[in-house]
Amino acid sequence: MTTATNLQTSQLLAWRNAVFLVFFSCGLALASYMSRVPHIRDVLGASTAQMGILAAAMAVGSIGGMLGSGNVMSKLGSKPTLRWSVTTLTAGVLVAGVGATFASYLVLFAGLTVFGIGMGLTDVAMNVSAAANEQRLHRNIMPLFHALFSVGAMAGAGLGALAELLDVPVLLHVGTLTVACLVGVLLTNKFVQTELEPARSGAEDNSSISRLVVWKQPVTWFIGLIILGMALAEGSANDWLALAMVDGHGQTNAQGAISLGIFLTAMTVGRVLGTRFLDRFGRVPVLQASAVLAAVGLAMVIFLTHPVFVTVGIVAWGLGSALGFPVGMSAAADDLRHAAARVSAVATIGYIAFLGGPPLIGFLGEQVGLLRALLVVLVFIAIAGLASPAARRRDTPVHADRRAG
């Protein structure tokens, strides 16, 4: 069997493109749902706190999927894991669509939990596979994988705004898009390579004990803090930006979806251009600058009222949030022998932001309004900036950073 150590360039590119599609599909599925949150809130007649609980259901499912991802990947490998996880994700979206269409809070809650489980499993599997592909290609392309996630999310937000304007039922809207993506992922899954094959030569690397060792290493926790802060910067926009623009800045539901699309577009641009900055300056300076930019942009959205300045703030927030998550994932996967375990660990730490963030912001939003509630995100962005030295590249089996960074 051909392993990832002796692949031809054409095979590496086919592998890359297959994983590109997985990232795109996840972004499309997530933003398709998120863009309809104001509509779903209106259909359910739910409070801000109740919507926060729904967002937390997805986060709980995601953390559960991530915690189990190490065992699943060690037994199945990334190729089967991606097949089953994307299938689970799609099933969850369909159930959530049923709940939204028939105004059933419990069905929506169940669907979002399953959606989260699929997202958690997919998140780890696609990032490990992407990191392995990045190392085999000898290029800093991890932000490009996440850019495809952002492209998918941008497309999802745009289609969500269109679906809102045309009054398309949620189930028809999100179900059609997600099933189409599932078909594409299943058709291209054959190109995904078994990047963990070299690590399987030693049973110790695959043991449960070995997978737990990464939790005792300080670098895991510091990288986790980077992902925690920047995941909250990104996730708070995904969860609350559309609604915050409607309730805090008086926009319509369609305009709220467009604002989310502007944020996601800025993230996409940041991730595409970010590879050049990473090559030139290294991970640490780029992460520190990103934290400053995200904080300034978010502050503009919270405190300013003029539409132009608020839009500039959304753009800065999106650009600043672009690189934290992908660079953190790449840093966690520097050592492919323990990549699945460490990516799972740091992703779990990061997804605490998605677990605790939505209900916290929702609760605070009930008291002081959604815009002021987003102030808590600034604290975590600052923590991510302070923890950024942990992302300095360590030597890997195939390449080292051009700069110490």
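## Aromatic pairs, step by step

Phe-277 and Phe-281 sit four residues apart in helix H11 (residues 253-281), so about one helical turn separates them. Helices here are DSSP runs of H or I with at least four residues, numbered from the N terminus.

Before we start: this is a predicted model, where local features need pLDDT (the predictor's confidence in each residue, from 0 to 100) of at least 70, and side-chain atom pairs count only at pLDDT 80 or more. Residues are numbered from 1 along each chain, and side-chain values use heavy atoms, without hydrogens and water.

**Exercise 1.** Classify the pair formed by Phe-20 and Phe-145, and place both residues in the chain.

*Solution.* Start with the rule: rings of Phe, Tyr and Trp (its six-membered ring) pair if their centres lie within 6.5 Å; planes under 30 degrees apart count as stacked, over 60 as edge-to-face and the rest as tilted. By this rule the model has five aromatic pairs. For Phe-20 and Phe-145, the centres are 4.9 Å apart and the planes make 55°, which is tilted. Next, the location: Phe-20 belongs to helix H1 (residues 9-34) and Phe-145 to helix H6 (residues 142-166), 125 residues apart. Both are buried (under 20% relative accessible area; exposed is over 50%, partly exposed in between; 1.4 Å probe, protein chains only). Finally, ring pairs join Phe-20, Phe-23 and Phe-145 into a cluster.

**Exercise 2.** Do the same for Phe-277 and Phe-281, then give their exposure.

*Solution.* The centres are 6.3 Å apart with 15° between the planes, a stacked pair. Phe-277 is partly exposed at 45% relative accessible area, and Phe-281 is partly exposed at 39%.

Conventions: Helix = DSSP H or I, 4+ residues; strand = E, 2+ residues; numbered from the N terminus.
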